[in-house]
Amino acid sequence: MRKSLLFLLCISAFLPIISLRAYEAVSTYVPDKQEIVKAKVIKIEHQQTEVVEGTDVTSNVQKLSVLILEGAEKDKIVTITNDYLTLSEGQLFYMVHTTRVQDGIEMYAIQEPYRLKAVLFFVALFIVCVCMFGGKQGIRGLISLIGSLALIIYVMLPAILHGYSPILVTIGIASLIIVLGSYITHGLSKTTTSAVIGMIVTVLFTGVLSYAAVHYAQLSGFSSEESVYLNFNTKGLIDFKGLLFGGIVIGLLGILYDIAIGQAIAVEELARVAPHLGRRTIYTHALRIGREHIGALVNTLAIAYVGVSLPLLLLFTSSASESIAVTINRELFSTEIIRTMIGSIGLIIAVPITTFLSVFFLITPRSRNIDPNVRQIEEEKLLHAGHHH
């Protein structure tokens, strides 16, 4: 008993020292060194099909000799085993070169095939199409797009990464994108101003709705692996509920441009076709045009989200262990459903708001003493204009 007690006392005495050493070891942990470099397949040494352990799925396994084309080991030839994707001789790809700190062992793994040529080709094709068929207006829209992306990449993202509120940053950047993008694309006019104000009001309303939805539905913002990795990389600095809110608002902007500018121009053209009619009449007919627009855009927004999530939908559809209710209740699906619904609501309310503001800014009050025959003719013109749209 005395020996056991003495042993415990010795352990207790040295335990703080052992714990301190362990803490220092953890706190001074140095991660493995990683470098992503471009490489090229020189030769396929061996290739065979193997069954993935524990499944009936087969995988193509290759032994490759590859030439590193950049980085610290440029021009070095290494041999790697590839079971991720099938490559051919001469094909370019990106490779992860990892050096373990504790023993200096070097490991190589294939990350992605080289796609930049294809990406640049289709970007160039898009620019050519815009310039050829869009003319000056298309070029202005292209400049607006570049400016919007620059604001998001160089202002919005760094601000969020530095810990600023994603909600305030998103609303500010969204408003700035609306103002600059609209005036660059469509010029300085009352029509553009009415559309801009309509979009800003819609963004504010949608923002309030998004904020309420995120908290009411108890969404955490961690529905994807990217969010989890980002949280670790930023050490919990980012508010992911606010980031989810920002994603909903920014995702709305592209289609909101279309519907707001369309409604403002519709009011302007209807007033030009029937200059003798009052604000209420033109508002009613412009709203009819907007309703047709709503039907198309809401369908477009919902189907676009379904298209992006198609592999995920197939995965859960093929699983018989969950009911539809359980699947929809998952945050991954609930987030996308709420995102679609709020975006659609934003588009719907943008129509009456922008139409009302356009009528207010663009149309002066008309005299009530108008020849009834003239009024009837103008009404018929408006009806034909609305159905033509």
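Start by selecting Ile255 in this predicted model: helix α6 has a kink of about 40° centred on that residue. Now widen the selection to the whole of α6, residues 240-273. The helix has 34 residues, and from its first C-alpha to its last it reaches 50 Å, close to the 50 Å expected at 1.5 Å a residue.

Next, go to the N-terminal end of α6 and show the side chain of Asp239, which caps the helix there. Draw a distance from its side-chain oxygen to the backbone nitrogen of Lys241, and you should read 3.3 Å.

Stay with α6 and select Glu268 and Arg272. These two residues form a salt bridge, with the closest N and O atoms 3.6 Å apart. Both sit in α6, four residues apart, about one turn of the helix. Turn on a surface here and compare the partners: Glu268 counts as partly exposed, at 27% relative accessibility, while Arg272 counts as exposed, at 56%.

How many salt bridges does the structure hold? There are six, and two further stops on this tour show others from that set. As background, side chains of opposite charge can pair when their charged atoms come close.

For the next stop, move to helix α10, residues 331-362, and pick Arg339 and Glu336. Their side chains meet in a salt bridge, with 3.3 Å from N to O. Because the two residues are three apart in α10, about one helical turn separates them. Is Arg339 buried or exposed? Arg339 is buried, with a relative accessible area of 16%. Its partner Glu336 counts as partly exposed, at 23% relative accessibility.

For the last stop, select Glu73, Lys76 and Glu106 together: a network of salt bridges links these three residues. Zoom in on Glu73 and Lys76, where the closest N and O atoms of their salt bridge are 3.3 Å apart. Why does Glu73 count as buried? Its relative accessibility is 14%, and the cut-off for buried is under 20%. Lys76, by contrast, counts as partly exposed, at 33%.

To finish, you might keep a few selections saved for a second look: Ile255 at the kink of α6, Asp239 at the N-terminal cap of that helix, and the network of Glu73, Lys76 and Glu106.

Key. Residues are numbered from 1 along each chain as its sequence is written. This is a predicted model: local features need pLDDT of at least 70, side-chain atom pairs count only at pLDDT 80 or more; totals for chains, interfaces and linings use all residues. Side-chain values use heavy atoms; hydrogens and water are left out. A salt bridge is a side-chain nitrogen of Lys or Arg within 4 Å of a carboxyl oxygen of Asp or Glu. Buried means under 20% relative accessible area, exposed over 50%, partly exposed in between (1.4 Å probe, protein chains only). The expected span of a helix is 1.5 Å times one less than its number of residues. The bend at a residue is the angle between axes fitted to the seven residues ending there and the seven starting there. A polar contact is a pair of N or O atoms within 3.5 Å; within protein, one must be able to donate a hydrogen and the other to accept it, and residues adjacent in sequence count only if both atoms are side-chain atoms.
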